[in-house]
Amino acid sequence: MNGRAELDVATIRKDFPILEREIRGKPLVYLDSAASAQKPRAVLEAIQNFYANAYANIHRGVYQLSAEATALYESGRDRVQGFIGAADRREIIFVRNATEAINLVARTFGETQLEAGDEILITALEHHANIVPWQMLGERRGTKLKVLPVDDRGEINLDAYAALLGQRTKLVALTHVSNAIGTILPLKKMIALAKAQGIPVLVDGAQAVPHTRVNVEDLGCDFYAFSGHKLFGPSGIGVLYGRLPMLQAMPPFLGGGDMIETVSFEKTTYAEPPNRFEAGTPDIAGVVGLEAAIGYVEKVGIDAIEAWEQSLLEKATAALAKIDGLRIIGQAREKAAVLSFVLEGIHAHDVGTALDQAGVAVRVGHHCAQPLMVRFGVPATVRASFSLYNTPAEIDVLVAALRETRELFG
Ligand code: PLP
């Protein structure tokens, strides 16, 4: 894989100060980037520099500092637009995270355009962030949730999907990549099938944006949600992409400053997108940090990152398959660098705690995908997820620690 040559992992690791840390006297092996990614120095410095040299509130200031801060914030919007291939900068709305982005759509588009009996189609792979907002909408509006199942590999069937798209389907909401088992959905085909029937599509891209090239125009979706913190940016900043005509037809989400045109006690008129959806003082430093994070990813190269992570996934899958009693959950042919597994007879939490003793940070539990755990008949899994800063040597540490755990509980 040519990405192996293109990505100089030793140099990359030097960009991430936290990777110098020791945990319990051992070098940190951070295998939890699907939960949140670590931050490169470029991001830390951009935030520090912003607060030290250019900080002020944005948009309404007449003085230079406010103009500078506004320019930085709006330049972050341009950067996101370019990064995900949106046609118009007004299509980029800053929110707190992917969760808020999806809730925004449920509260605005959902509240005004969906009616009792309308169906929202999701998959069995979804994170709770792309399940619960639709159920809450259902409680308020009487909409129904339809769920596309997955097979034993964790893949969907396109014919079954097409069969579920019906007269009553008024929204399709799909994860791009499963956080719990790594399945990459055949998104372009799924979106095309929905759009052929005029059904809007929302994509939860929280697990896709840090690992693969995303182009919303090419995908053809109407909404795309992601979080900055999984993309090496700060926590507290996220993005909702929305196709402009959709956004223009949507009412505001939160009310307050910055989202209005005029206010009187009798009547308030609302600003155009994106401001309509950005009430109050936003996370200005978060946007500055996110822009730096995107700059970092673009410098390394998203294709090189993807190739590197795939090589780690291949190695880890082969090595873990050799461990007695280890069952990998999710074997989709198109898969991101997420390895979910159970060790027979040992609770996932015990495995996670034992790995922590070896300095290995993995996530254990239901990964905010409880229905998917039920589908695979497990209460929880251990999840190792890989990023651009992980190395083959770290996989060896994981495997050795798992073997030790096996013996300890054996
Ligand atoms: N969707 C997916 C697929 C995720 O993996 C996550 C986080 O793990 C989310 C949504 C929610 O992200 P956040 O907690 O940043 O809102």
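Is Asp218 buried, partly exposed or exposed, and what is its relative accessible area? In this predicted model, Asp218 is partly exposed, with a relative accessible area of 46%. The rest of this report follows that residue to its partner, then looks at other charged pairs, and ends with the ligand.

**Charged pairs**

Side chains of opposite charge can pair when their charged atoms come close. A search of the whole structure finds 25 salt bridges, and three of them are set out in the table below, each with the separation of its closest N and O atoms.

| Acidic residue | Basic residue | Closest N and O atoms |
|---|---|---|
| Glu111 | Arg140 | 2.3 Å |
| Asp218 | Lys188 | 3.0 Å |
| Asp303 | Arg213 | 3.1 Å |

Asp218, with which the report began, forms its salt bridge with Lys188. This pair links distant parts of the chain, since Asp218 belongs to helix 9 (residues 216-219) while Lys188 belongs to helix 8 (residues 187-196), 30 residues apart. Lys188 is partly exposed, with a relative accessible area of 45%.

The salt bridge between Glu111 and Arg140 likewise involves two helices: Glu111 lies in helix 5 (residues 98-113) and Arg140 in helix 6 (residues 132-141), so the pair ties together parts that are 29 residues apart in sequence. Glu111 is partly exposed at 21% relative accessible area, and Arg140 also counts as partly exposed, at 34%.

In the pair of Asp303 and Arg213, a helix is joined to a loop. Asp303 lies in helix 12 (residues 302-321), whereas Arg213 sits in the loop between strand 8 (201-204) and helix 9, and therefore the salt bridge ties together parts that are 90 residues apart in sequence. Asp303 is partly exposed, with a relative accessible area of 43%, but Arg213 counts as exposed, at 56% relative accessibility. Elsewhere, salt bridges that share partners join Glu74, Arg77, Asp78, Arg89 and Glu278 into one network.

**The ligand and its surroundings**

The ligand is surrounded by 13 residues, of which the closest are Thr99, Asp204, Ser227, His229 and Lys230. The shell that these residues belong to divides into three nonpolar, eight polar and two charged residues.

Several side chains place a polar atom beside an oxygen atom of the ligand: for Lys230 the separation is 2.5 Å, for His229 it is 2.7 Å, and for His127 it is 3.4 Å. Taken alone, the ligand exposes 390 Å², and the protein buries 88% of that area.

Terms used. Residues are numbered from 1 along each chain as its sequence is written. This is a predicted model: local features need pLDDT of at least 70, side-chain atom pairs count only at pLDDT 80 or more; totals for chains, interfaces and linings use all residues. Side-chain values use heavy atoms; hydrogens and water are left out. A residue is near a molecule or strand if one of its heavy atoms lies within 4 Å of it. A polar contact is a pair of N or O atoms within 3.5 Å; within protein, one must be able to donate a hydrogen and the other to accept it, and residues adjacent in sequence count only if both atoms are side-chain atoms. Accessible areas come from the Shrake-Rupley method with a 1.4 Å probe; for residues, only the protein chains shown count as cover. Ala, Val, Leu, Ile, Met, Phe, Trp, Tyr, Cys and Pro count as nonpolar, Asp, Glu, Lys and Arg as charged, and the others, Gly among them, as polar. A salt bridge is a side-chain nitrogen of Lys or Arg within 4 Å of a carboxyl oxygen of Asp or Glu. Helices (H or I, at least four residues) and strands (E, at least two) are DSSP runs, numbered from the N terminus. Buried means under 20% relative accessible area, exposed over 50%, partly exposed in between (1.4 Å probe, protein chains only).
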